[in-house]
Amino acid sequence: MIPLRDNAAPRRLTPINLALIAANIAVFIYELSLGPRLAIFAERFALVPAAVTRALSSNSHPAPNSLAPLITLVTSMFIHGGFWHIAGNMLYLFIFGAAVEYRMGSMRYLIFYFAAGIAAALATVWIAPESSVPVIGASGAIAGVLGAYFIFYPRGRILTILPIFFFIQFVEIPAVIYLLFWFAIQLYAGLQEGGRAGAVGGVAWWAHVGGFMFGIGTAPMLAINRPPRRRSR
């Protein structure tokens, strides 16, 4: 299912959401410019669960270099592995982020986004603490945005492209159904992989699960006193 728009965001262009999208695109363009040096860049800034595990379990007076992996909890959120990877993530952020920013306010939304990304990354570390497979992408933070949207706008509607065999259908799906279905897929895939999730590469399912649950849990505490509104057609 490919979302095209929602009917909940009073404004589609909100400052922090646009800035996050622009930052991700800017980093991706920089990645493309690196050529053979991209591997070095990814090795430095991607999240490696085993390295984070060692950093978190270090003694009370760790060496400065031993804490460097903790920075990747944030930097990894801005690295993507290809055009379709970043395109899919930014589409979801564009569709769902504006409405969430409206309900939280810009600065709360910015803090929430980074906190959701860190929570999602830690969920991956928790599931596969000894994995040496690099983890990249904004999808964990965006999963947090989806969780917040689920709380704020359960009655919203998502215009969705739904491929059915050789036909393309445009269908409006209630947000509560769309997001529950999305979450069910992530949870099912994560359970299917079990402890191997994140340890053998592929999609970081548990980052999505962790981010979504973080969004559900924290969104009610971050909402400002704005009534939910829907854009007229």
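User: In this predicted model, is V52 buried or exposed?

Analyst: A residue counts as buried when its relative accessible area is under 20%. V52 has a relative accessibility of 0% and therefore counts as buried. This residue is found in helix α3.

User: Which residues does V52 touch, leaving out those up to four places away in sequence?

Analyst: V52 touches L47, P69, L70, T72, L73 and V125. The C-alpha atoms of V52 and A68 are separated by 8.7 Å, and these two residues are 16 apart along the chain.

User: Which residues of helix α4 are buried, and why are they placed on the same side of that helix?

Analyst: The general idea concerns helix geometry. An α-helix has 3.6 residues a turn, so residues three or four places apart point the same way. In α4, which spans residues 68-75, the buried residues are P69, T72 and L73. They lie on the same side of α4 because the arc they cover around the axis is only 115 degrees. The buried residues of α4 pack against α2 (38-45), α3 (49-56) and α6.

User: How should the packing of α3 and α6 be read, and what is the angle between them?

Analyst: An angle of 65 to 115 degrees counts as roughly perpendicular. The angle at which α3 and α6 pack is about 90 degrees, and their axes are 9 Å apart; the two helices are therefore roughly perpendicular to each other. On the α3 side the residues are P49, V52, T53 and L56, and they meet L122, T124 and V125 of α6.

User: What should one expect of nonpolar side chains in general, and which residues touch the most other members of the largest nonpolar core here?

Analyst: In soluble globular proteins, nonpolar side chains tend to be buried together. The largest nonpolar core of this model has 45 residues, and those touching the most other members are L93, F96, Y109, Y113 and Y149. Two or more residues of this core come from each of α1 (15-34), α5, α6 (106-127), α7 (139-152), α8 (175-193) and α9 (205-222). Helix α5 gives the largest share, 11 residues. Another core, of nine residues, lies apart from it and includes A121, V135, A204 and A207.

User: Which residues are in contact with Y109, leaving aside neighbours within four places in sequence?

Analyst: Y109 is in contact with I16, N17, L20, L93, G97, V100, E101, M104 and V145.

User: Where is T14 placed, and is this residue buried or exposed?

Analyst: T14 is in the loop between β1 (2-6) and α1. Its relative accessible area is 2%, so T14 is buried. Not counting residues up to four places away in sequence, T14 touches A98 and E101. The C-alpha atoms of T14 and G105, which are 91 residues apart along the chain, are separated by 9.7 Å.

User: What is the relative accessible area of A87, and where is this residue placed?

Analyst: Partly exposed residues fall between the buried limit of 20% and the exposed limit of 50%. The relative accessible area of A87 is 28%, so this residue is partly exposed. A87 is in helix α5, residues 83-104. Its C-alpha atom is separated by 9.1 Å from that of I25, 62 residues away along the chain.

User: How many helices and strands does the protein chain have, and what share of its residues is buried?

Analyst: The chain has nine helices and three strands, in the order β-α-α-α-α-α-α-α-β-β-α-α along the sequence. Of its 233 residues, 45% count as buried. Among contacts between residues at least 6 apart in sequence, 81% join residues at least 24 apart.

Terms used: Residues numbered from 1 in each chain as written. Predicted model: local features only at pLDDT ≥ 70, side-chain atom pairs only at ≥ 80, totals over all residues. Heavy atoms only, no water. Helix = DSSP H or I, 4+ residues; strand = E, 2+ residues; numbered from the N terminus. Buried < 20%, exposed > 50% of the residue type's maximum accessible area, 1.4 Å probe, protein only. Contact = heavy atoms within 4.5 Å. Core = buried A, V, L, I, M, F, W, Y, C linked by side-chain atoms within 4.5 Å. Arc of directions from axis to C-beta. Axes fitted to C-alpha atoms, helices over the stretch in contact; angles between N-to-C directions. Parallel < 35°, antiparallel > 145°, perpendicular 65-115°, else oblique.
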